[in-house]
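Colleague: Please take a close look at a single part of this model and then set it against the rest of the chain. Which residues line the largest pocket?

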Amino acid sequence: MTVARKSIGERLAQLEAQRKTLQIRLGKQERAIDTRRKVLIGALVLHRLENDRDLQIGGGLAAWLRSELPKFLTRDGDRDLFDDLLKPRANEPTIGNIGNGSAAS
């Protein structure tokens with residue numbers, strides 16, 4: 001009984017297919033890691049906004065987000081997700097009055 005050997009061309013084609021499969025898997029893994037990092041950073045920011053009473057952190061962060069998010073978000077649906085953050089609350093500091101005593105404590 002003889003075993004048919006694959007030609008070099010067939011072996012290269014098989015290796016190329018395996019390489020493509022591994023590249024696709026690596027791409028999925030990298031996207032999953034990127035998404036997880038974004039979720040964790042977003043969770044930290046939301047936690048600080050909801051729980052930090054220090055105006056320099058919680059208030060300053062909220063003011064900064066109100067300033068930067070409208071420039072960053074390009075879709076109306078995305079903006080809608082942040083309606084609660086984009087509208088300033090009463091007695092909350094703005095970028096200009098943090099640290100100068102004009103924000104309510």
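**The largest pocket and its surroundings**

Modeller: Read from the N terminus, the elements of the chain follow the order α-α-α-α, which amounts to four helices and zero strands (helices are DSSP runs of H or I with at least four residues, strands are runs of E with at least two, and both are numbered from the N terminus). The model is predicted, with local features requiring pLDDT of at least 70 and side-chain atom pairs pLDDT 80 or more, while totals for chains, interfaces and linings use all residues. Residues are numbered from 1 along each chain as its sequence is written, and side-chain values rest on heavy atoms, with hydrogens and water left out.

The largest pocket has a volume of about 370 Å³ (the space filled by probe spheres set on grid points joined across faces, edges and corners). A pocket here is an open set of points on a 1 Å grid over the protein atoms alone, where a 1.4 Å probe fits and protein lies on both sides within 12 Å along at least five of seven lines, and lining residues have an atom within 4 Å of a point. The lining consists of Ile-41, Gly-42, Val-45, Leu-46, Trp-64, Leu-65, Glu-68, Leu-69, Phe-72, Leu-73, Phe-82 and Leu-85. Helix α1 (residues 8-51) and helix α2 (55-72) each contribute at least two residues to this lining, and α2 gives the most, with five.

One of the lining residues, Leu-85, also leads to a pairing across the sequence, since its C-alpha lies 6.6 Å from that of Arg-66, although 19 residues separate the two along the chain. Arg-66 belongs to helix α2, the helix that gives the most to the pocket lining. Is Arg-66 buried or exposed? Arg-66 counts as buried because its relative accessibility is 15% (buried is under 20% relative accessible area, exposed is over 50%, and partly exposed lies in between, with a 1.4 Å probe and protein chains only).

Between α1 and α2, the two helices just named for the lining, runs a loop that holds Asp-52. Asp-52 has a relative accessibility of 17% and therefore counts as buried. Leaving aside residues up to four places away in sequence, Asp-52 touches His-47, Ile-57 and Gly-58 (a contact means heavy atoms within 4.5 Å).

For the chain as a whole, buried residues account for 16% of the 105 residues. Of the contacts between residues at least 6 apart in sequence, 43% join residues at least 24 apart.

Charged pairs complete the picture, and a search of the whole structure finds four salt bridges (a side-chain nitrogen of Lys or Arg within 4 Å of a carboxyl oxygen of Asp or Glu). Side chains of opposite charge can pair when their charged atoms come close.

In helix α1, Arg-19 is bridged to Glu-16, with 2.6 Å between the closest N and O atoms, and the two residues stand three apart, about one turn of the helix. Both partners count as partly exposed, Arg-19 because its relative accessibility is 39% and Glu-16 because its value is 32%.

Helix α1 also carries the pair of Lys-38 and Asp-34, which are separated by about one helical turn because they are four residues apart; their side chains meet in a salt bridge of 3.0 Å, N to O. Here the partners fall into separate classes, since Lys-38 is exposed at 55% relative accessibility, whereas Asp-34 is partly exposed, with a relative accessible area of 34%.

In helix α3 (residues 76-81), Arg-79 and Asp-76 are likewise placed three residues apart, about one turn of the helix, and their side chains form a salt bridge at 3.2 Å, N to O. Asp-76 counts as exposed because its relative accessible area is 56%, while Arg-79, at 28% relative accessibility, counts as partly exposed.

To return to the part in question, the pocket of about 370 Å³ takes five of its lining residues from α2, and Leu-85 in that lining is the residue whose C-alpha lies 6.6 Å from that of Arg-66.
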